[in-house]
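The following paragraphs lead the reader through one molecular model, beginning with a loop and proceeding to the interior. Please keep the sequence and the coordinates at hand.

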Amino acid sequence: MSEATFEPKILAFACRHCAYAAADLAGGLRIQYPPGVRIVEVPCTGRVEVTEVLHAFERGADGVMVAGCLEGDCHYLEGNLNAKRRVQYIAKLLDQIGLGGRRVAMVNLSSAMGAQFAEKVAEMMEQVQELGPNPLHAIRNTDGGHNDCSGTENA
Ligand code: FES
């Protein structure tokens, strides 16, 4: 696939109390955002484990966004802060293994921030587009593996 036609597949883990509702709001207001994002509702970003994010990359995601409540507004007190630390850890790990730490991002939103959700998705798409396809695609394709990130289930 050429860079010009590369449309990143982004998996977004979205907290049901804020970012998931913000995505819903964006949809309700017909605010456009790139179609390559798949949203997985989670009860809190604090529930998103490092292994789940790594599995998403293994299954073919080009980028992963973890979208939680605004800092100080997490319904489980520090879930989003724990998620932030995990995302920072994953970014370092991705840099070390050559995938690129910018493929993962943490964003914080309130349920009223539908337009901002769309902006964050567009920013993430642009960022991942610059990085190119997930290098694991090529490995999986030559290995006979499945090339999609649709296998992730709700947490
Ligand atoms: Fe939303 Fe914790 S409840 S990030």
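In which loop is Arg30 found? Arg30 belongs to the loop between helix 1 and strand 2. The model is a predicted one, and the confidence attached to the prediction should be considered before the details. The pLDDT of the chain averages 90, and 86% of the residues score at least 70. Residues 150–155, however, have a pLDDT below 50, although this stretch makes 12 contacts in the model beyond near neighbours in sequence. Where pLDDT is low, predicted coordinates should not be read in detail.

To return to the loop, Arg30 follows helix 1 and has a positive phi. The value is near 60 degrees, in a residue other than glycine. Arg30 counts as exposed because 6 other C-beta atoms lie within 10 Å, and a residue is classed as exposed at 12 or fewer. A second positive phi in a residue other than glycine occurs at Leu77, where the angle is near 70 degrees. Leu77 lies in the loop between strand 3 and helix 3. With 12 C-beta neighbours inside 10 Å, Leu77 is also assigned to the exposed class.

Helix 1 itself, spanning residues 19–28, is mostly covered, with seven of its 10 residues buried. The buried positions are Ala19, Tyr20, Ala21, Ala22, Ala23, Leu25 and Ala26. Which elements cover these buried residues of helix 1? The cover includes four strands, namely strand 1 (10–15), strand 2 (37–42), strand 3 (63–69) and strand 4 (104–109), together with helix 4 (114–131).

The packing of helix 1 against helix 4 can be described further. Two packed helices are described by the angle between their axes and the distance between those axes. For helix 1 and helix 4, the angle is about 95 degrees and the axes are 7 Å apart. Helix 1 is therefore roughly perpendicular to helix 4, since angles of 65 to 115 degrees fall in that class. On the side of helix 1, the contact involves Ala19, Ala22, Ala23, Leu25 and Ala26; these meet Gly114, Ala115, Phe117 and Ala118 of helix 4. Eight residues of this contact are nonpolar, one is polar and none is charged.

In soluble globular proteins, nonpolar side chains tend to be buried together. In this model, the largest nonpolar core comprises 44 residues, and those with the most contacts inside it are Ile10, Ala19, Ala22 and Ala67. Two or more residues come from each of strand 1, helix 1, strand 2, helix 2, strand 3, helix 3 (79–96), strand 4 and helix 4. Helix 1 makes the largest contribution to this core, with seven residues. The surroundings of Ala67 illustrate the core: leaving aside neighbours within four places in sequence, Ala67 is in contact with Ala12, Phe13, Ala14, Cys15, Ala19, Val107 and Leu109.

A final position to examine is Val50, which is found in helix 2 (residues 50–58). Is Val50 buried or exposed? Val50 counts as exposed because it has 12 C-beta neighbours inside 10 Å. Val50 nevertheless touches Arg86, Tyr89 and Ile90, not counting residues up to four places away in sequence. Val50 and Tyr89 are 39 residues apart along the chain, and their C-alpha atoms are separated by 8.5 Å.

Technical notes:
Residues are numbered from 1 along each chain as its sequence is written. This is a predicted model: local features need pLDDT of at least 70, side-chain atom pairs count only at pLDDT 80 or more; totals for chains, interfaces and linings use all residues. pLDDT is the predictor's confidence in each residue, from 0 to 100. Two residues are in contact if their C-beta atoms, placed from the backbone, lie within 7 Å. A residue is buried if 20 or more other C-beta atoms lie within 10 Å of its own, exposed if 12 or fewer, and partly exposed in between; C-beta atoms are placed from the backbone. Axes are lines fitted to C-alpha atoms, for helices over the stretch in contact, and angles run from 0 to 180 degrees between N-to-C directions. Angles under 35 degrees count as roughly parallel, over 145 as roughly antiparallel, 65 to 115 as roughly perpendicular and the rest as oblique. Ala, Val, Leu, Ile, Met, Phe, Trp, Tyr, Cys and Pro count as nonpolar, Asp, Glu, Lys and Arg as charged, and the others, Gly among them, as polar. A nonpolar core is a set of buried Ala, Val, Leu, Ile, Met, Phe, Trp, Tyr and Cys residues joined through C-beta atoms within 7 Å.
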